[in-house]
Amino acid sequence: MLHQGSRFSSLMMLYAIVSLPSLMLKSEGLEHIVGDSSGWELLTNYTNWTQGREFHVGDVLVFNYNSDQHNVMQVNSTAYKDCGRDNYISLFTKGNDSVIISEAGEHWFICGVDDHCENGQKLSINVAP
Ligand SMILES: [Cu+2]
């Protein structure tokens, strides 16, 4: 009886250890589909898209786009303003890219293809802690 009890509690402990990370993931951030159903493309105003939206650390930005036509570059503020493509922080090219926001503050994204950034395919978000 005593033996069975300790076996049961160690099983429970194992269950807690295994299930805890997934529970923590679920209770974390929101998923933001950039541009909603339009996705990441040329005709959406991403400044308008951010209006009324709150971004928090742990949230996920999802960029949906045709990977033959676009990409996603995470850049600094200067590259965002100037559409500079040379010193990006991260480059995403899959067409269905999830970017986990791990820091508070401003984050900048541009499309690095042709003159898409100059034509407005750029996103700036302010992330609350
Ligand atoms: Cu593009």
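Q: Helices (H or I, at least four residues) and strands (E, at least two) are DSSP runs, numbered from the N terminus. In this predicted model, in which loop is N66 found?
A: Two strands flank the loop: β3 covers 60-64 and β4 covers 72-75. N66 is found in the loop between β3 and β4.

Q: Does N66 count as buried or exposed?
A: A residue is exposed if 12 or fewer other C-beta atoms lie within 10 Å of its own. N66 has 10 C-beta neighbours inside 10 Å, so N66 counts as exposed.

Q: How many Å separate the C-alpha atoms of N66 and N96?
A: Along the chain, N66 and N96 are 30 residues apart. In space, their C-alpha atoms are separated by 8.6 Å.

Q: Does H70 count as buried or exposed?
A: H70 is found in the loop between β3 and β4. The cut-off for buried is 20 or more C-beta neighbours within 10 Å. H70 has 22 inside 10 Å, so this residue counts as buried.

Q: Which residues does H70 touch, not counting residues up to four places away in sequence?
A: Contact here means C-beta atoms within 7 Å. By that test H70 touches W40, E41, Y65, C111, V113 and H116.

Q: Which strands stand at the edges of the open sheet of five strands?
A: The sheet has the order β2-β8-β7-β4-β5, with mixed pairing. Each edge strand has a single partner, so one side of each is left without a neighbour in the sheet. The edge strands are β2 (55-56) and β5 (90-92).

Q: Which residue in β5 stands opposite V72?
A: β4 and β5 run antiparallel. Three bridges join these two strands. Opposite V72 in β5 stands F92.

Q: Which residues is V72 in contact with, leaving aside its neighbours within four places in sequence?
A: V72 is among the residues with the most contacts inside the largest nonpolar core. Its contacts, with those neighbours set aside, are W40, F63, F92, D97, F109 and C111.

Q: Which element gives the largest share of the largest nonpolar core?
A: That core has 17 residues. The elements giving two or more residues to the core are β3, β4, α3 (77-82), β7 (105-110) and β8 (122-128). The largest share, three residues, comes from β4.

Q: In what order do the elements of the protein chain run from the N terminus on?
A: The chain has three helices and eight strands. From the N terminus on, the order is α-β-α-β-β-β-α-β-β-β-β.

Conventions:
Residues are numbered from 1 along each chain as its sequence is written. This is a predicted model: local features need pLDDT of at least 70, side-chain atom pairs count only at pLDDT 80 or more; totals for chains, interfaces and linings use all residues. Two residues are in contact if their C-beta atoms, placed from the backbone, lie within 7 Å. Two strands pair if DSSP finds at least two bridges between them. A nonpolar core is a set of buried Ala, Val, Leu, Ile, Met, Phe, Trp, Tyr and Cys residues joined through C-beta atoms within 7 Å.
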